[in-house]
Amino acid sequence: MGRTIAQKIIESHLVSGKMEVGEDIGLAIDQTLTQDATGTMAYLEFEAMGVPRVKTQRSVAYVDHNTLQSGFENADDHRYIQTVANKHGVYFSRPGNGICHQLHLERFGAPGKTLIGSDSHTPTGGGIGMLAFGAGGMDVAVAMGGGEYHINMPSMTRVELTGRLSPWVSAKDVILAVLQRMSVKGGVGKIIEYGGEGVKTLTVPERATITNMGAELGATTSIFPSDEITRQFLQAQGRGDQWAELSSDPDAAYDETLTIDLSSLEPLAACPHSPDAVKPVSGLAGMKVDQVCIGSCTNSSYLDMMRVAAVLKGKTVHPQVSLSVACGSKQVFNMLAENGALADMIAAGARILECACGPCIGMGQSPNSGGVSLRTFNRNFEGRSGTADGQVYLVSPETAAASAIAGSLTDPRSLGEPVKVELPERFLINDNMIVPPIEEALMETVEVKRGPNIKPLPIAGPLEESIRRRAVLKVEDNITTDHIMPAGAKILPYRSNIPYLSQFCFAVCDKSFPERCKAAGGGVIIAGHNYGQGSSREHAALVPLYLGVKAVAAKSYARIHAANLANTGILPLQFVNEADYDAIDQMDVLCLPAVRKELEAGEEVTLVNETRGITMKLKAVLTARQRDMVLVGGLLNYTKLEK
């Protein structure tokens, strides 16, 4: 039987395990990336492993999240990351150079390579045929040290693209259509592979938009073929020698197939507060808009920005709309400045932001109270914008620009003749904002500089024989990592200070949680389906660990968060009988009377609700390797024992 593209890359990088769906496999990792909101922790973990130099082909540290320097904290973290990167063989992308995923696509990504990054949108690399995974910082640290990256072997889903996009319909509308079909948990345990004649009509930036938002499906990753269009993009980036052709075999078998007729799509919008709450823009047209934000790792490419500039040229942003624009990279920014497109945006009244994540991560540009904000971003979770009652809609750059001018949600097809933008034969290449590491012979001369905001990692001890704690929190379905550990300008500067950060844990759901959890001496969290969806931030596991959380019992988990819980030493449990979720109330006394013995034996775990006098069974959401990790207190302890 033939192989899919993903199966071919997995096969060539397989270190351990069997390529059977659901089986634990260990992969050799060619490249890693970090960003500054998760990177400080990842490098602290790398240092704790005692590996002197990274062992990957290329590792890059990007600064793109915490770029608002309203105090010393972010600047100190950036200095720490730069010095630790310099010492240990990691390339450093300076603040202002751009967003990690856009930059990695432009300057480092290569077809057929494996990549993991401490950011959930790392699958952007699938746009050029990389097998790219979002992961927790500890997994990235292990990969930098030469260790395998472990996942459960995914099933294969093919999205067959036919036809061609109509004028004013974009790649953003393609992935919104997929989300409408599959939902935010429809991709769990799957690799989404795009194929069909329609693929040939999409540029690399358009493909990258689609793979980027594949993270919102809960998918393990998404990938496109590497073809002549990929080759042209890499040549234009001066990296044509890194191109390799990749395609699935004609007789490759898929577990699931969806067909999307590109020519049938229309402009779409994801409504508050979920990326899969998708409706046609035509049905929402006329709704008053307060704010428009264009950018993010989803839609900040040269192609996107040129289309926006063309819509804005000669016009003025509506007086009741605040429009902000952030290019994804210095390369794009420079090119817009040189060709006059940036001037067109400025003349129209756009507020030009630096090349960074900015509003997407809640770092500034929060909308007004109850305001409607159209964003070309990938997530619209409640409160993520920084405004608790902000109404965030996810749209394409074309829809965003048209709406900014009109002052209301506008179908861009109403603009008439379509905008035509071609990718350049040669991009402007200037890597002066990327700092290479020092030579290995000189690494001892580098002083790693740590600011006072950088606090030690919380590290779990070995799993206890039994656990008796209260159910300190009970939450519903689709709890995101933004619920567990919020982002935003007020909180992000403390990502390297877990004790301080802990006071914001679950603040979106229950502001009293941190104090209640500490007063109870820790506890167990009870959750519904898809617990931990969204960002890969391991802080959503590290902070509960610091507060004393011993286990989570949920109906189901998002892939990365379940792995992060195991990595930190928190036990991820799943109800065998989902109805047992209803048999636990917040603050009930729960007992796992033989948890260590049952886990060692690979058995289901017994949970006794002492308050109600009810006994139930849960299964550990762990591979055999992860079970051993949790028994010794997490991945860091496990890695040290392996050494």
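The following exchange concerns how the descriptions of this predicted model were reached.

Reader: What should be known about the model and its numbering?

Author: Residues are numbered from 1 along each chain as its sequence is written, and side-chain values use heavy atoms, with hydrogens and water left out. The model is predicted, so local features need pLDDT of at least 70 and side-chain atom pairs count only at pLDDT 80 or more, while totals for chains, interfaces and linings use all residues.

Reader: What makes the protein chain as compact as a globular protein of its length?

Author: The radius of gyration is taken over C-alpha atoms, and the globule rule is 2.2 Å times the number of residues to the power 0.38. For 643 residues the rule gives 26 Å, and the chain has 24 Å, which is close to that value; the chain is therefore as compact as a globular protein of that length. Along its principal axes the C-alpha trace spans about 70 × 55 × 55 Å.

Reader: How many helices and strands does the protein chain hold, and how are they defined?

Author: The chain has 21 helices and 27 strands. Helices (H or I, at least four residues) and strands (E, at least two) are DSSP runs, numbered from the N terminus.

Reader: What share of the residues is buried, and what does the word mean?

Author: Buried means under 20% relative accessible area, exposed over 50%, and partly exposed in between (1.4 Å probe, protein chains only). By that standard, buried residues make up 64% of the 643 residues.

Reader: Why is R470 called partly exposed?

Author: Its relative accessibility is 36%, a value in between the limits for buried and exposed; R470 therefore counts as partly exposed. R470 is placed in strand β21. Contact means heavy atoms within 4.5 Å, and R470 touches G523, V524, M587, D588, V589 and L590, not counting residues up to four places away in sequence.

Reader: How do you know that β21 and β25 are paired?

Author: Two strands pair if DSSP finds at least two bridges between them. Four bridges join β21 (residues 467–474) to β25 (residues 589–592), and therefore the two strands count as paired; they run antiparallel. One of the bridges sets R470 against V589 in β25. Both strands belong to a closed barrel of seven strands, β21-β22-β23-β24-β27-β26-β25, with mixed pairing. Its neighbouring strands are turned by 35° against each other on average, direction ignored; axes are lines fitted to C-alpha atoms, for helices over the stretch in contact, and angles run from 0 to 180 degrees between N-to-C directions.

Reader: What makes β11 and β12 edge strands?

Author: The open sheet of four strands has the order β11-β10-β9-β12, with parallel pairing. Strands β11 (221–223) and β12 (256–261) each pair on one side only. Neighbouring strands of this sheet are turned by 20° on average, direction ignored. Strand β9 (residues 155–162) pairs with β12 over six bridges, and E160 has T259 in β12 as its bridge partner. Helix α1 (residues 5–13) lies across β9, β10 (190–195) and β11, at about 125° to β10.

Reader: Why are both faces of strand β18 described as covered?

Author: In a regular strand the side chains alternate between the two faces of the sheet. In β18 (residues 372–375), V372 and L374 on one side and S373 and R375 on the other are all buried. Strand β18 pairs in the parallel sense with β15 (residues 291–294) over three bridges and with β19 (residues 391–394) over four. L374 is the bridge partner of V292 and stands opposite Y393 in β19.

Reader: What is a nonpolar core, and which residues touch the most other members of the largest one?

Author: A nonpolar core is a set of buried Ala, Val, Leu, Ile, Met, Phe, Trp, Tyr and Cys residues joined through side-chain atoms within 4.5 Å. The largest has 104 residues, of which F506, F513, I526 and Y531 touch the most other members. Its largest share, six residues, comes from helix α5 (residues 137–144). Apart from it lies another core, of 57 residues, among them L115, L234, M335 and M345.

Reader: What makes the backbone at S183 and at the P272 to H273 bond noteworthy?

Author: Most residues other than glycine have a negative phi, and most peptide bonds are trans. S183, however, has a positive phi near 80°, and the bond from P272 to H273 is cis, with omega near 0°. S183 lies in the loop between α6 (171–182) and β10; H273 lies in the loop between β13 (268–270) and β14 (278–280).
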